[in-house]
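Trainee: Got a minute to go through a model with me? I'd like to start with the basics and then jump around.

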Amino acid sequence: MRSIIIYFSRADENYGVGVVTKGNTEILAEYIQEFTQADMFKVERITDYPKSYRECTEFAQKELDANIRPKLKNSNVDISNYDIIYIGYPIWWGTMPMPMFTLLSKLNFEGKIIRPFCTHEGSGFSASILDLKRMCKGAIFEEGLSIKGSSVKSSKGKVENWLS
């Protein structure tokens, strides 16, 4: 079965871990890729979010409240030849960041197996699974994995257990 990891991650100043060059969700995506050899697709806005954590969260909340679908650097991902799709993101304001909504709304998930994963600082998946199910019509959802962002670097074993 062919698999792909579609994820959004943000570096810069992150809650609980400080300034990083690689976001927590990207680290999880790399662990999953190491164990599965899945292809990877990183979701990126055309314009970056603010580097400051506080400014980023304020910007992201306004984006969510206005239901903005930001433009992406690349939205040309073809999932037609994949059976399993790992979808990963940080939890922002109770759900996925809006770039994920931009991309996922353009894809056909009919018959695909979805394995969600997220990073958070205490909220778990929050409402993101409900949002995913609304966006990924016809998909088969399997158990997801949520990891505290501040624990990501020591979570490789949890990822391996989740995948087995």
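Mentor: We can take the ground rules, then a helix, the empty spaces, the cysteines and a few loop residues.

Trainee: What are the ground rules?
Mentor: This is a predicted model, so local features need pLDDT of at least 70 and side-chain atom pairs count only at pLDDT 80 or more, while totals for chains, interfaces and linings use all residues. Residues are numbered from 1 along each chain as its sequence is written, and side-chain values use heavy atoms, with hydrogens and water left out.

Trainee: How many residues are in helix α2, and how far does it reach?
Mentor: Helix α2 covers residues 53–65, which is 13 residues, and spans 18 Å from its first C-alpha to its last, close to the 18 Å expected at 1.5 Å a residue. The expected span is 1.5 Å times one less than the number of residues. Helices here are DSSP runs of H or I with at least four residues, strands are runs of E with at least two, and both are numbered from the N terminus.

Trainee: Which residues of α2 are buried?
Mentor: C56, T57, A60 and E63. Buried means under 20% relative accessible area, exposed means over 50%, and partly exposed is in between, with a 1.4 Å probe and protein chains only.

Trainee: Where do they sit around the axis of α2?
Mentor: They fall within an arc of 125 degrees, so they line one face of the helix. The arc is taken from the directions from the helix axis to the C-beta atoms. K62 and D65, on the other side of α2, are exposed.

Trainee: What do the buried residues of α2 pack against?
Mentor: Helix α3, residues 98–104; contact means heavy atoms within 4.5 Å.

Trainee: Switching to empty space. How much is in the largest pocket?
Mentor: About 420 Å³. The search runs on a 1 Å grid over the protein atoms alone: a pocket is an open set of points with protein on both sides within 12 Å along at least five of seven lines, a cavity is a set where a 1.4 Å probe fits but cannot get out, and lining residues have an atom within 4 Å of a point. Points are joined across faces, edges and corners, and a volume is the space filled by probe spheres set on the points.

Trainee: Which residues are closest to the centre of that largest pocket?
Mentor: Of its 21 lining residues, Y15, Y53, P90, I91 and W92 are the closest to the centre. Helix α2 provides the largest share of the lining, four residues.

Trainee: And which residues line the largest cavity?
Mentor: A60, L64, W92, W93, M96, P97 and M98. That cavity holds about 40 Å³.

Trainee: W93 again. Where is it?
Mentor: In the loop between β5 (84–90) and α3. W93 has a phi near 55 degrees, a positive value in a residue other than glycine, and W93 counts as partly exposed because its relative accessibility is 45%.

Trainee: What about Q37: buried or exposed?
Mentor: Exposed, with a relative accessible area of 57%. Q37 lies in the loop between α1 and β4 (39–43), and its phi is near 60 degrees, also positive.

Trainee: Last topic. How many disulfides are there?
Mentor: Zero, from a search of the whole structure, where a disulfide is a pair of cysteine sulfur atoms within 2.5 Å. For C118, the nearest cysteine sulfur is that of C136, 14 Å away. C118 is buried at 0% relative accessibility, and C136 is buried at 1%.
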